[in-house]
Amino acid sequence: MKERIYIVKYSKGNYDDWIEIDLFVTKHKQTAIDYVAKFNTILEEWKDFYNKDYEDHFNGRSYILSSIHESYFTTIQTR
């Protein structure tokens, strides 16, 4: 029997420096769905917060967060 495994990832960067980062692996699809939803919600909240016009010490975080793209998961099957 083939078993499905879900790899939760996110990507960051643009063009030449684009990379995928594997966060974790799970056998439970609902765990992957829940984590992706939570990650993307928090990421959007952080981007909104740090994109506001605050003092200079927030600008570095805004730059870092702007390079992070949404989380997602992929499915693989074992033999």
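These exercises, each with a worked solution, walk through one predicted protein model.

Local features need pLDDT of at least 70 and side-chain atom pairs pLDDT 80 or more, while totals for chains, interfaces and linings use all residues. Residues are numbered from 1 along each chain as its sequence is written, and side-chain values use heavy atoms, leaving out hydrogens and water.

**Exercise 1. The fold**

Task: State how many helices and strands the protein has, and give their order.

Solution:
- Helices (H or I, at least four residues) and strands (E, at least two) are DSSP runs, numbered from the N terminus.
- The protein has two helices and three strands.
- Reading from the N terminus, the order is β-β-α-α-β.

**Exercise 2. Overall dimensions**

Task: Compare the radius of gyration of the protein with that of a compact globule.

Solution:
- The radius is taken over C-alpha atoms, and the globule rule is 2.2 Å times the number of residues to the power 0.38.
- For 79 residues, a compact globule would come near 12 Å. The protein has 16 Å.
- Now add the spans. Along the principal axes, the C-alpha trace covers about 55 × 30 × 15 Å.

**Exercise 3. The core**

Task: Name the residues of the largest nonpolar core, then find the element that supplies its largest share.

Solution:
- Start with the terms. Buried means under 20% relative accessible area, exposed over 50%, and partly exposed in between (1.4 Å probe, protein chains only).
- A nonpolar core is a set of buried Ala, Val, Leu, Ile, Met, Phe, Trp, Tyr and Cys residues joined through side-chain atoms within 4.5 Å.
- The largest such core has six residues: Tyr10, Phe39, Leu43, Tyr50, Leu65 and Ile68.
- Helix H1 (residues 29–50) gives the largest share of this core, three residues.
- Look at one member. Leu65 is in contact (heavy atoms within 4.5 Å) with Leu43, Trp46, Lys47 and Tyr50, leaving aside neighbours within four places in sequence.
- For the whole chain, buried residues make up 27% of the 79.

**Exercise 4. Two strand residues**

Task: Decide whether serine 11 and threonine 75 are buried, partly exposed or exposed, and list their contacts beyond four places in sequence.

Solution:
- Serine 11 lies in strand E1 (residues 4–12). Its relative accessibility is 6%, so serine 11 counts as buried.
- Serine 11 is in contact with Trp18, Ile19, Glu20, Ser67, Ile68, His69, Glu70 and Tyr72.
- Threonine 75 sits in strand E3 (residues 68–77). Its relative accessibility is 37%, so threonine 75 counts as partly exposed.
- Threonine 75 is in contact with Arg4, Ile5 and Tyr6.
- Check a pair far apart in sequence. Threonine 75 and valine 25 are separated by 50 residues, yet their C-alpha atoms are 9.7 Å apart.

**Exercise 5. Two loop residues**

Task: Place tyrosine 15 and lysine 27, and say whether each is buried or exposed.

Solution:
- Tyrosine 15 lies in the loop between E1 and strand E2 (19–26). At 79% relative accessibility, tyrosine 15 is exposed.
- Its phi is near 50 degrees, a positive value in a residue other than glycine. Most residues other than glycine have a negative phi.
- Lysine 27 lies in the loop between E2 and H1. At 55% relative accessibility, lysine 27 is exposed.
- Beyond four places in sequence, lysine 27 touches Glu3, Arg4 and Tyr6.
- Lysine 27 and lysine 52 are 25 residues apart in sequence and 39 Å apart in space, C-alpha to C-alpha.
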